[in-house]
Amino acid sequence: MSELAFCKTFLGAIDSRPIKLSSDYVSDARTYPATGVPILPRLPQGHPQRPAPKTASNATSTITITLKPMKPTTPTLPLSSIDPAKTSVYDLKSSYASSTSIPAAKIKILYKKKPVTDSKLVSEIIGADAGAEVEFGVMVMGGATAGVASPSAESPAESPAAVAPSESEKGLAGTGAAAAVGPSGKELVATEEFWGDLKNFVFQRIKDEQEGERLVGVFKKAWEADR
């Protein structure tokens with residue numbers, strides 16, 4: 001048989017078979033090669049005891065928290081004897097704000113360089129295995145700077161020392177009550193300087209020269225009639 005005839009016969013035998021397996025195709029398992037059956041190991045007798053969870057009784061009741069700012073210009077604040085189960089992040093922010101005179105709205109508390117929510121408790125953030133000393137970061141926003149604390153009642157600010165008045169001040173105090181020298185009353189109204197000043201004042205207010213002349217004349221006639 002030639003090679004060409006063999007190829008035709010082989011291709012004809014393949015064409016008679018389906019190209020894809022049907023949905024109800026079943027293979028005979030007896031035709032599979034013999035292999036070892038995997039067997040799972042048996043479980044040991046008895047189950048190990050679950051470790052008891054850590055409670056507040058066996059955990060550290062208080063810890064020391066250090067509020068360390070990101071910039072060296074802002075002071076670091078250590079807080080001792082802090083109960084993490086009763087202290088919130090907002091309490092830490094308020095403590096730092098009262099110590100540095102920075103508004104609480106300008107302060108952001110960080111833990112492991114990530115901001116934390118003010119409403120969360122410290123125990124929820126650090127976990128049970130944090131240890132007795134925990135460090136929180138402080139980020140001051142808006143360019144706020146730490147101020148100087150106001151003086152307390154124990155150390156009141158000293159008032160400036162009293163300074164004795166100088167001779168010139170004494171002289172001014174002695175002559176302050178002296179009466180002005182010059183004409184006054186009707187004598188001053190009768191002068192031409194008074195009526196000239198009055199005319200200039202009226203001109204500046206009404207900005208009308210003719211009306212100003214008339215008003216000053218009315219005032220002067222009324223004053224002369226009542227002398």
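Is lysine 93 buried or exposed? Lysine 93 has 6% relative accessibility, so it counts as buried. The exercises below work on a predicted model.

**Exercise 1. Describe the salt bridge of lysine 93 and place both partners.**

Step 1: find the partner. The side chain of lysine 93 meets that of aspartate 118 in a salt bridge, at 2.7 Å from N to O.

Step 2: place the two residues. The pair links distant parts of the chain, with lysine 93 in helix H2 and aspartate 118 in the loop between strand S4 (114-115) and helix H3 (122-126). They are 25 residues apart.

Step 3: classify the burial. The cut-off for buried is under 20% relative accessible area. Lysine 93, at 6%, is therefore buried. Aspartate 118 has 26% relative accessibility, so it counts as partly exposed.

**Exercise 2. Examine two further salt bridges, one at aspartate 28 and one at lysine 199.**

Step 1: take the total. The structure holds four salt bridges.

Step 2: treat aspartate 28. Its side chain meets that of arginine 30, at 3.3 Å from N to O. Aspartate 28 is partly exposed, with a relative accessible area of 35%. Arginine 30 reaches 75% relative accessibility, so it counts as exposed.

Step 3: treat lysine 199. A salt bridge joins its side chain to that of glutamate 213, at 3.7 Å from N to O. This pair links distant parts of the chain: lysine 199 sits in helix H6 (residues 192-206) and glutamate 213 in helix H7 (residues 209-225), 14 residues apart.

Step 4: add the burial. Lysine 199 is partly exposed, with a relative accessible area of 26%. Glutamate 213 is partly exposed too, at 38%.

**Exercise 3. Classify the ring pairs of phenylalanine 6 and tyrosine 111.**

Step 1: choose the descriptors. A pair of aromatic rings is described by the distance of the centres and the angle of the planes.

Step 2: take the total. The structure holds four aromatic pairs. Phenylalanine 6 and phenylalanine 10 form one of them, with 6.4 Å centre to centre and 20° between the planes. Planes under 30 degrees apart count as stacked, and this pair is stacked.

Step 3: relate the pair to its helix. Phenylalanine 6 and phenylalanine 10 are four residues apart in helix H1, so about one helical turn separates them. Phenylalanine 6 has 51% relative accessibility and therefore counts as exposed. Phenylalanine 10, at 48%, counts as partly exposed.

Step 4: turn to tyrosine 111. The ring centres of tyrosine 111 and phenylalanine 136 are 5.1 Å apart and the planes stand at 40°, so the pair is tilted. It links distant parts of the chain, from tyrosine 111 in strand S3 (residues 107-111) to phenylalanine 136 in strand S5 (residues 133-140), 25 residues apart. Both residues are buried.

Step 5: note a cluster. Phe194, Trp195 and Trp223 form one aromatic cluster.

**Exercise 4. Identify the nonpolar surface patch that includes Ile14.**

Step 1: list the members. The patch is formed by Phe6, Phe10, Leu11 and Ile14. Together they have about 420 Å² of accessible area.

Step 2: look at isoleucine 14. It lies in helix H1 (residues 3-15). Its relative accessibility is 41%, so it counts as partly exposed.

**Exercise 5. Compare the settings of threonine 62 and threonine 100.**

Step 1: locate threonine 62. This residue is in the loop between H1 and strand S1 (63-69). At 38% relative accessibility, threonine 62 counts as partly exposed.

Step 2: find what it meets. Leaving aside neighbours within four places in sequence, threonine 62 is in contact with Ser81 and Ile82. Threonine 62 and aspartate 83 are 21 residues apart in sequence, yet 4.6 Å apart from C-alpha to C-alpha.

Step 3: locate threonine 100. Helix H2 (residues 89-100) contains it. Threonine 100 counts as buried, at 3% relative accessibility. Its side chain reaches the backbone oxygen of tyrosine 96 at 2.7 Å.

**Exercise 6. Summarise the whole chain.**

Step 1: state the elements. The protein chain has seven helices and five strands. Along the sequence, the pattern is α-β-β-α-β-β-α-β-α-α-α-α.

Step 2: state burial and surface. Of the 227 residues, 16% are buried. The accessible surface is about 19000 Å², and 57% of it belongs to carbon and sulfur atoms.

Step 3: state the contact range. Among contacts with a separation of 6 or more, 57% are between residues 24 or more positions apart.

Technical notes
Residues numbered from 1 in each chain as written. Predicted model: local features only at pLDDT ≥ 70, side-chain atom pairs only at ≥ 80, totals over all residues. Heavy atoms only, no water. Helix = DSSP H or I, 4+ residues; strand = E, 2+ residues; numbered from the N terminus. Buried < 20%, exposed > 50% of the residue type's maximum accessible area, 1.4 Å probe, protein only. Polar contact = N/O pair within 3.5 Å; in protein donor to acceptor, adjacent residues only side chain to side chain. Patch = residues over 30% accessible without salt bridge, like charges linked within 9 Å, V, L, I, M, F, W, Y side chains within 5 Å. Areas by Shrake-Rupley, 256 points an atom, 1.4 Å probe, with all protein chains shown as cover. Contact = heavy atoms within 4.5 Å. Phe/Tyr/Trp six-rings, centres within 6.5 Å; stacked < 30°, edge-to-face > 60°.
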